[in-house]
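Subject: Structure for your review

Dear colleague,

I am handing over the structure below, and my notes on what was found in it follow directly after. Please read them with the coordinates open.

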Amino acid sequence: MPLFYYDAQVFKVYQIKQLLDDAKIPCVVKNDFAQGAIGELSPIDSAPEVWLVDESWRPRAQQRVDDFLAEQVALADDEDWQCAQCHEDNEANFGICWSCQTTR
Ligand SMILES: [Zn+2]
């Protein structure tokens, strides 16, 4: 079984797992909390990992993750912004500053 993804931040690993589940891509999480190695590894040392059931799923899994990361970037772009000219806060859908009409 091929390793697909790992991260010391458990929530990210489960986020990826959830994405793959949603896309019906068979995968499992390993190392989720100090599995085995009693007293030797802290949970931080043993980062959880997402494994694909079969290597042939990798292109689809990678595509799904890439799409997800692209969505996240798009969402980040959608946040409120501060005018460089007058430092007023503007809503994400404003293309120009409501206060001084400087473009974003
Ligand atoms: Zn302004």
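Lys17 is buried, with a relative accessible area of 17%, where buried stands for under 20% relative accessible area, exposed for over 50%, and partly exposed for what lies in between, computed with a 1.4 Å probe on protein chains only. Its partner in a salt bridge is Asp21, with the closest N and O atoms 2.9 Å apart; a salt bridge here is a side-chain nitrogen of Lys or Arg within 4 Å of a carboxyl oxygen of Asp or Glu. Asp21 is partly exposed, at a relative accessible area of 33%. Because Asp21 and Lys17 are 4 residues apart in helix H1, about one helical turn separates them.

Before going further, please note that this is a predicted model, in which local features need pLDDT of at least 70 and side-chain atom pairs count only at pLDDT 80 or more, whereas totals for chains, interfaces and linings use all residues. Residues are numbered from 1 along each chain as its sequence is written, and side-chain values use heavy atoms, with hydrogens and water left out.

By the salt-bridge rule the count comes to 2. Besides the pair in H1, Glu55 forms a salt bridge with Arg58, the closest N and O atoms being 2.6 Å apart. Glu55 is partly exposed, with a relative accessible area of 41%, and Arg58, at 24% relative accessibility, also counts as partly exposed.

As for the overall arrangement, the chain contains 2 helices and 5 strands, and read along the sequence it follows the pattern β-α-β-β-α-β-β; helices (H or I, at least four residues) and strands (E, at least two) are DSSP runs, numbered from the N terminus. Of the 104 residues of the chain, 26% count as buried. Among the contacts with a separation of 6 or more, 44% are accounted for by residues 24 or more positions apart, a contact being heavy atoms within 4.5 Å.

There is an open sheet of 3 strands in the order E1-E3-E2, with antiparallel pairing, where two strands pair if DSSP finds at least two bridges between them. Its edge strands are E1 (3-6) and E2 (27-30), each of which pairs on one side only, and the twist averages 25 degrees from one strand to the next. E2 and E3 (residues 49-52) are joined over 4 bridges, and E1 and E3 over 3 bridges. Within E3, Trp51 is the bridge partner of Val28, Leu52 is that of Cys27, and Glu49 stands opposite Tyr6.

Helix H1 (residues 10-22) lies across E1, E2 and E3, running at about 165 degrees to E2, while helix H2 (residues 58-77) packs on the sheet, touching E1 and E3, with its direction at about 25 degrees to that of E1. For these angles, axes are lines fitted to C-alpha atoms, for helices over the stretch in contact, and values run from 0 to 180 degrees between N-to-C directions.

Glu49 in strand E3 may deserve your attention when you look through the sheet. Glu49 is buried yet has no salt bridge, and the nearest side chain of opposite charge, Lys30, is 6.4 Å away; for this purpose Lys and Arg count as positive and Asp and Glu as negative, with His and the chain ends not counted. The side chains of Glu49 and Trp51 are, however, joined by a polar contact of 2.9 Å, that is, a pair of N or O atoms within 3.5 Å of which, within protein, one must be able to donate a hydrogen and the other to accept it, residues adjacent in sequence counting only if both atoms are side-chain atoms. Not counting residues up to four places away in sequence, Glu49 touches several residues, including Leu3, Tyr5, Val13 and Val29. In a regular strand the side chains alternate between the two faces of the sheet. Glu49 and Trp51 point one way from E3 and Val50 and Leu52 the other way, and all are buried.

Finally, Cys100 lies in the segment after strand E5 (89-90) and is partly exposed, with a relative accessible area of 28%. The C-alpha atoms of Cys100 and Cys83, which are 17 residues apart along the chain, are separated by 8.6 Å. Leaving aside neighbours within four places in sequence, Cys100 is in contact with Cys83, Gln85 and Cys86.

With best regards
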